[in-house]
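User: Please take a close look at one part of this model for me. I would like the second largest cavity, and what lines it.

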Amino acid sequence: MSQTELSNAAQEPVIAASSRTSIWRRPGISLWLLTCLFTALGLVLTILLFQIYTARPFVVPIFARLFFVEDWQALQLMAAVSVLAIVGIRYPLDKVITEVPLWLMRNLIAVSVLTGMLLAIGSHTVYQQHPFSMDEYAVLFQSQIFAKGHLSGSFPPTLIDRLIHPQLQNYFIMTNHQTGAVASAYWPGLALLMTPFTFVGMPWLINAVIGSFTVWTCARFAQALGSSEQVAGTAVLLLLASPVFWADNISLYAMPAILLFNMLFAWGLWTRTLRGALLAGVAGSIALSMANPVPHILFAICWLAWFAASTRSPKLIGAVILAYLPLSLLLCLGWPLYRLSMFHEVSAGQSAASNSSFSHYLQSLSSILSLPSVISLQSRLAATIKLWGWGVPGLMVLAVWGYRQGNQGYRLMAWAFGVTFLGYLLVPYDQGHGWGYRYVHYAFVALPMLAAIALHGPGETEARRQLQRLAGALVLGSVLMMLPLRLWQVHGVIAYDTAQLPAIPQQVQKSITFLRTDRGFYPQDLIQNDPFVLNNHVIMLSYGDDQDARLIQSLFPGSHLIGKTPGATLWQVP
């Protein structure tokens, strides 16, 4: 986008005239009290939710594990950081909020590149290049298929139930037991973006690159909304100081990509120009096709309504629609139709409607939305506590204050976040795996952007400086204490997960691991293989030691057992 378009898009002052009053007389003390209060409330609610969970589990085990162990630990540390932050009022920590953002903006490209490099290192060392969840594996799986020039993979039909756990079939990986065809159950947008990285053997790099672009886009988008360099830089600072940014961008999840393209979509609409409308449509169609359409639809509702009402230009509205169409038709309509043609198997005695892989997919789509139950509301309460615990301490408080002061663009970002948050109350599932509140990460950038407005809003100078000092202390506490803890937790969880697999000696060139799923923690998720079974080290579902031995000797005569753990056996194959 040209500088002229950016200037035209920033006609409104970033601070709304109606809010040119101080939030409270002593906003620094108010921020400290509210941060301590809400952190303490999070601890109390976690204890209450644990009592409910032990009597009546309301979430899947992995969500409970991450919430009641890792998030509980982090909330305790956040409480200590919040309490100690009051000391910061006595020191010139306001420079963290006033000078560091300006430095970030002056060196924005270098900061973005450095962020990408650090994320790449984190993907290697912290995340260990491991698809922790089936959500991540399904996308990687499809990108491996695309990288080989195909639309679907191929497993030996008789081994499909060994190579993919039956409970995961047609929910994460589509299967055809007649032809052996396999493909991801998700829409293919992220897999397509990942394909070049997979082709060169570095699929783990995609979110590091996306994270790098997210930093740059956050800054420029904030400026396009009318922010000064200081406000835009503060938004970047708060984003980088939030542990959830780092955890998600060293993973293989779709949230970082959807967040990036949602920002580009909103930026394009905000310009109210033809070029911006085309950018919005293209970026929106990419976000729509990433994994499923719900995240972008929820984010886009307010922006599209505002755009149509404010422009009243059939030309610009038409440009958005036309820009949406090509990729939407290809990926959001063409891909399901392709899968309908590929996954239509019928077993004897069952109807096509009840047994086809695609019908499972349609059933899952039809059950996406429902009125919230007590159980789903309990899980959303837990997820909201996760949202608080994975950001900078006090970030949500500052975001609420920023909403009162921001212009129309910032309020639209707040509404997009709010609609996303409320919309997922109608989704009956909890998020399972994942870091932070995954379901709202698609709009997470709204929080640091709004918080930045609050930190540089109008008001008496000394009161604002006190607020900035307190916020500076909280940012430092997040970077120096919360972020290392969170990365250590992520590393520990993934190391625990992969430790369930027996170690393969270096001299073993080919092997098959038979994994038992009646013990361990989510062992079925560890059954991950190349979509054409071209990997030298194959993982299969165990049917018991005797049946496993008969199978491997029939497939690879001369194989011998070289390792055994309580949950797995390791065979070397010739």
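Analyst: Here is the cavity, followed by a short look at the sheet. The model is predicted.

Start with the count. The whole structure holds 7 cavities of 30 Å³ or more. The second largest has a volume of about 60 Å³.

Now the walls. The lining of this second largest cavity is made of Ile-62, Arg-65, Phe-132, His-433, Val-493, Tyr-496, Asp-497, Gln-500, Phe-521 and Tyr-522. Two elements give two or more residues to that lining: helix H3 (61–84) and helix H23 (461–498). The largest share is from H23, with 3 residues.

What is the class make-up of the lining of the second largest cavity? There are 6 nonpolar residues, 2 polar and 2 charged. Among the lining residues are Arg-65 and Asp-497, both of the charged class.

Next, the sheet. It is open, with 3 strands in the order S1-S3-S2 and antiparallel pairing. Strands S1 (153–154) and S2 (173–175) are at the edges; each has a single partner strand, so one side of each is left without a neighbour in the sheet.

S1 pairs with strand S3 (residues 181–184) over 2 bridges, in the antiparallel sense. Within this region, Gly-153 sits opposite Val-182 of S3.

One helix belongs in this picture. Helix H7 (residues 134–147) lies across S1, S2 and S3. Relative to S3, H7 runs at about 120°.

Methods:
Residues are numbered from 1 along each chain as its sequence is written. This is a predicted model: local features need pLDDT of at least 70, side-chain atom pairs count only at pLDDT 80 or more; totals for chains, interfaces and linings use all residues. Side-chain values use heavy atoms; hydrogens and water are left out. Two strands pair if DSSP finds at least two bridges between them. Helices (H or I, at least four residues) and strands (E, at least two) are DSSP runs, numbered from the N terminus. Contact means heavy atoms within 4.5 Å. Axes are lines fitted to C-alpha atoms, for helices over the stretch in contact, and angles run from 0 to 180 degrees between N-to-C directions. On a 1 Å grid over the protein atoms alone, a cavity is a set of points where a 1.4 Å probe fits but cannot get out, and a pocket is an open set with protein on both sides within 12 Å along at least five of seven lines; lining residues have an atom within 4 Å of a point. Grid points are joined across faces, edges and corners, and a volume is the space filled by probe spheres set on the points.
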